[in-house]
Amino acid sequence: MAAGRRSSSTSALVSLLLFVEFVGEAAVGSVVTVPGRRKKQQRQGDVCDIYQGSWVYDESYPVYDSSACPYVRREFNCLKYGRTDTLYLRYRWRPHDCDLQRFDGEEFLRRFRGKSIMYVGDSLSLNNWQSLICLLHAAVPDSSIVQSTNGSISAVTFQDYGVSVMLFHSLYLVDIDQEILGRVMKLDSVSSGVVWKTVDVLIFNTWQWWYRAGEKQQWDYIQDGNEMLKDMDRMVAFRKALTTWGKWVDSDVDVGKTRVFFQGISPSHYNGTEWNQPTLRDCSRETVPLNGSTYPAGLPLAVSVVKQVLDSIVKPVRLLDITTLSQLRKDAHPGNHSGLWGMDCTHWCIAGLPDTWNELLYSELSASTDTKEE
């Protein structure tokens, strides 16, 4: 039985690997080479932390009309499902010490023509992935675009540029195997890495599922080394899993080919005490961001764990440090304006905050590409 399950798991990974290779080859085969222009990040004193800043009102936002993007899932499509206030769409992130480069979808596609980009993680990675697709679609609405899915992977390929934007669904990054006793989370195993390492740009995310219990818990046991546990301290498990992922980066990722990012902890807004509104229990009445650059409740412990693990990785991994700037956006969740039942103060409207996450990714990618070209 165990051998059969391993064989099935191996076959699934081979299938995913072949799918990623097929998507990449199909994209490259149709690429049209277009000369691109290069923009440098504007910095003061040649030093800028693009994650330290504040939100400013800007009539030129949003970057695109969400009703014109056919890829937005209903749970993120706030305007379609009844949100009438639109002020939340009009805010731009402004770093203290530089001007953040506005997202240019055509330049993005030219700069990364023939390349593959993959978001790896949970539904917040889905949120982020759909934002990038809409940003790119808005720039080239008449381009040839192909969607495809295979198991855990969804892909949207902009064929005229040979750019594939993929999502790999993984709640914990480490493996969960179905065994005789049940679903086992293996804190020391990342078998999906064989697929991930073939991609040019990787953006990883995990956190929101680590403290879920009961029916929402996606595992029955945790295997920590040789120990099989019914449960353990979730923050300790989170750290161990991230450490395993970090070791995989050091052992398997070819940094000459692949750039690796970790998307920072995305906050939720269910407790008004955190933003000095103790009578509030959700985000439903929020229409504007918090002023300033700090969040009254401070950073969650998970942020420290992420930074400590990333500091231990030898190979370059960039943190997309979106936690504080997202904490300030109590206004940007679907709330009760999604296509699903219930109050959602965890995910984000599209168009909306994830577009800023991708502007920051664009800035990081552009800066690293410019550095290589100098």
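1. Helix α2 (residues 105-111) holds both R110 and E106, which sit four residues apart, about one turn of the helix. In this predicted model, R110 forms a salt bridge with E106, and the closest N and O atoms are 4.0 Å apart. The two partners differ in their surroundings: R110 counts as buried at 9% relative accessibility, whereas E106 is partly exposed, with a relative accessible area of 35%.

2. The count of salt bridges comes to 16. One of them pairs K330 with E286, with 2.5 Å between the closest N and O atoms. K330 lies in the loop between α7 and α8 and E286 in the loop between β14 and α6, so this pair ties together parts that are 44 residues apart in sequence. K330 is buried at 7% relative accessibility, and E286 is likewise buried, at 10%. Elsewhere, D177, E179 and K186 are joined into one network by salt bridges that share partners.

3. K197 forms a further salt bridge, with D252; here the closest N and O atoms are 4.0 Å apart. Because K197 is in the loop between α4 (193-196) and β11 (201-204) while D252 belongs to helix α5 (residues 234-252), the contact ties together parts 55 residues apart in sequence. Both ends are partly exposed: K197 has a relative accessible area of 34%, and D252 one of 32%.

4. The model contains four disulfides. With bonded cysteines counted along the chain, their pattern is 1-4, 2-5, 3-8, 6-7.

5. C48 and C98 are joined by a disulfide with an S to S distance of 1.9 Å. The torsion about the S-S bond is about -50°, so this disulfide is left-handed. C48 lies in the loop between β1 (42-43) and β2 (53-57) and C98 in strand β4 (residues 98-99), so the link ties together parts 50 residues apart in sequence. Both cysteines, C48 and C98, are buried.

6. In the disulfide of C78 and C349, the sulfur atoms are 2.0 Å apart. A torsion of about -95° about the S-S bond makes this link left-handed. C78 is in the loop between β2 and β3 (91-95) and C349 in the loop between α7 (323-327) and α8 (353-373), so the pair ties together parts 271 residues apart in sequence. C78 and C349 are both buried.

7. C283 and C345 form a disulfide whose sulfur atoms are 2.1 Å apart. The link is left-handed, with -90° about the S-S bond. C283 lies in the loop between β14 (259-263) and α6 (301-312) and C345 in the loop between α7 and α8, so parts 62 residues apart in sequence are tied together. C283 is buried at 4% relative accessibility, and C345 is buried at 0%.

How values were computed: Residues numbered from 1 in each chain as written. Predicted model: local features only at pLDDT ≥ 70, side-chain atom pairs only at ≥ 80, totals over all residues. Heavy atoms only, no water. Disulfide = S-S within 2.5 Å. Helix = DSSP H or I, 4+ residues; strand = E, 2+ residues; numbered from the N terminus. Buried < 20%, exposed > 50% of the residue type's maximum accessible area, 1.4 Å probe, protein only. Salt bridge = Lys/Arg side-chain N within 4 Å of Asp/Glu carboxyl O.
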